[in-house]
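Welcome to this tour. Open the structure in your viewer, keep the selection tool at hand, and follow along stop by stop.

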Amino acid sequence: MAYKNIKSKKHLIFISEQPCLICSRPDVQSAHIRYAGAGIGMKPCDSFVVPLCIDHHREQHSMNEKMFWHLYKKDPLVYAFFFCLQSPDKKIKSQAFDKFRKFFE
Ligand SMILES: [Zn+2]
């Protein structure tokens, strides 16, 4: 990958201010999309993060990640990409296209 993983507290806080993607509850956690990158046991880049409430975050971790998103008929990468475009963190914003391009080709 051309770009290193970005760590961004700013972006994670921004994500935690959004409603849950599944049920729209306002009390959320930032959930990393693990299949989007990084090796086994490694935290993925903070670009690949979406808001999930505690219950849905727990449910996501209780099953296969792709199956979870399939179950709710949502593509988390599309949401994560749009959140990056609106991010208050300039680094996250400016690298959004490079980070997500490969998923949408
Ligand atoms: Zn929820």
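Select Q18 to begin: leaving out residues up to four places away in sequence, Q18 touches V28 and P51. Here two residues are in contact if their C-beta atoms, placed from the backbone, lie within 7 Å. Add V50 to the selection: Q18 and V50 are 32 residues apart in sequence, yet their C-alpha atoms are 8.7 Å apart in space. Q18 belongs to the loop between helix 1 and strand 1. With 17 C-beta neighbours inside 10 Å, Q18 counts as partly exposed. The scale is as follows: a residue is buried if 20 or more other C-beta atoms lie within 10 Å of its own, exposed if 12 or fewer, and partly exposed in between, with C-beta atoms placed from the backbone.

Before you go on, note that this is a predicted model, in which local features need pLDDT of at least 70, side-chain atom pairs count only at pLDDT 80 or more, and totals for chains, interfaces and linings use all residues. Residues are numbered from 1 along each chain as its sequence is written.

Stay in the same loop and select S24, which lies between helix 1 and strand 1. S24 has a positive phi of about 65° although it is not a glycine. Is S24 buried or exposed? S24 is exposed, with 11 other C-beta atoms within 10 Å.

For another positive phi, jump to K73, in the loop between helix 3 (65–71) and helix 4. Phi of K73 is near 55°, and K73 is a residue other than glycine. K73 counts as exposed, with 6 C-beta neighbours inside 10 Å.

Now select helix 1, residues 9–16, where H11, F14 and I15 are buried. Seen down the axis of helix 1, these buried residues fall within an arc of 100° (taken from the directions from the helix axis to the C-beta atoms), so they line one face of the helix. Turn to the other side of helix 1 to find K9 and I13 exposed. What do the buried residues of helix 1 pack against? Their partners are strand 1 (28–32), strand 2 (49–53), helix 4 (76–85) and helix 5 (90–94).

Next, select C20, V49, V50, L52 and A80, which have the most contacts inside the largest nonpolar core, a group of 18 residues. A nonpolar core is a set of buried Ala, Val, Leu, Ile, Met, Phe, Trp, Tyr and Cys residues joined through C-beta atoms within 7 Å. Helix 1, strand 1, strand 2 and helix 4 each supply at least two residues of this core. Strand 2 gives the most, with 4 residues. Zoom in on V49: apart from neighbours within four places in sequence, V49 is in contact with H11, L12, I15, S30, A31, H32 and A80.

Finally, zoom out to the whole chain. The protein chain has 6 helices and 2 strands, where helices (H or I, at least four residues) and strands (E, at least two) are DSSP runs, numbered from the N terminus. Along the sequence the pattern is α-β-β-α-α-α-α-α. Of the 105 residues of the protein chain, 30% count as buried.

Last, color by pLDDT, the predictor's confidence in each residue, from 0 to 100. The mean pLDDT of the protein chain is 92, and 91% of its residues reach 70 or more. Among the elements, strand 2 has the highest mean (98) and helix 6 (residues 96–104) the lowest (92).
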